Amino acid sequence: MPEETTTAPAPARPTAAQAVGIGCAAIVAVPLLLVLALVAWIALGTEDPSDFPRAAPEEMASRALDRSQEAYDVLGFTRTIPPGVEDVGVSPENTLHSGFCYAGGMADETVDGVYALSHSWALDDVPAGQAVPGLRRLHEHLKDTGWDITSYRENVSGDYWDLYASRSDGEERMSFQWFADRDYFTGGASTPCALDPGWRQGDDEPAGDVLWPPDFGPSAAQGPLRVSGSGH
């Protein structure tokens with residue numbers, strides 16, 4: 001099938017290419033690990049935390065999970081993925097990532113207490129009969145529900161499909177890929193930057209870095225968020 005590509009206007013607030021914890025990207029060298037590793041957002045022209053919305057990490061993690069959940073249901077997958085990942089780019093994945101946000105300008109400094117969260121997931125053993133109609137369905141669904149399709153490509157080089165979408169001036173994003181040569185499907189969602197109301201001077205890790213996702217799968221499979229060290 002011929003490649004199809006659509007490109008939306010560049011967002012008004014660009015991002016910094018700072019990956020947040022997928023790790024081992026060289027194993028697979030794919031766009032998901034660059035785009036949905038998920039980057040810390042840049043807020044141009046400000047270093048004032050008050051310019052960002054206040055939201056607890058649990059709220060933003062739930063928001064990212066909700067976006068992933070909606071896409072997962074549209075794609076029609078029925079498997080449940082436990083938290084974590086054994087072999088990046090090969091095995092199923094269900095992970096949360098937190099990263100700092102940056103002020104614009106020459107300094108490119110982190111903004112105190114401001115963070116961005118993302119959720120990444122992956123499935124192995126996904127055949128074309130599931131992946132292809134699922135991606136086409138999701139492509140239409142995202143367009144119909146207010147997302148801007150920044151890229152949609154079918155059968156690139158004969159073995160790769162991708163779908164990227166954003167909204168809120170590019171501050172909220174989703175990304176999906178399918179690799180026909182190994183029947184591997186990846187997806188994920190990122191949230192805009194937010195100020196953690198619980199941040200205190202001296203905190204040196206991005207807010208939400210201790211959060212652990214619930215089992216991820218069909219809507220009925222969702223459970224509560226957990227804190228790292230509380231039973232995973």
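Reader: Which residue is the bridge partner of V114 in β9?

Author: In this predicted model, the partner of V114 in β9 is L195. The two strands, β4 and β9 (residues 194–195), run antiparallel to each other and are joined over 2 bridges.

Reader: With which other strands does β4 pair, and over how many bridges?

Author: Strand β3, residues 93–103, pairs with β4 in the antiparallel sense over 9 bridges. Strand β8, which spans residues 184–190, also pairs with β4 in the antiparallel sense, here over 6 bridges.

Reader: Which residues mark these pairings?

Author: For the pairing with β3, one may look at N94, whose bridge partner in β4 is W121. For the pairing with β8, S118 stands opposite S190.

Reader: How should the side chains along a strand be read?

Author: In a regular strand, side chains alternate between the two faces of the sheet. As for cover in this structure, β4 comprises residues 110–123, and 12 of its 14 residues are buried. The strand is thus described as mostly covered.

Reader: Where does V88 lie, and is V88 buried or exposed?

Author: V88 belongs to the loop that lies between β2 (84–85) and β3. A residue counts as buried when its relative accessible area is under 20%. V88 has a relative accessible area of 11%, and is therefore buried.

Reader: How far apart are V88 and A122 in sequence and in space?

Author: In sequence, V88 and A122 are 34 residues apart. In space, their separation is 9.1 Å, taken from C-alpha to C-alpha.

Definitions and conventions
Residues numbered from 1 in each chain as written. Predicted model: local features only at pLDDT ≥ 70, side-chain atom pairs only at ≥ 80, totals over all residues. Heavy atoms only, no water. Buried < 20%, exposed > 50% of the residue type's maximum accessible area, 1.4 Å probe, protein only. Helix = DSSP H or I, 4+ residues; strand = E, 2+ residues; numbered from the N terminus. Pairing = 2+ DSSP bridges.
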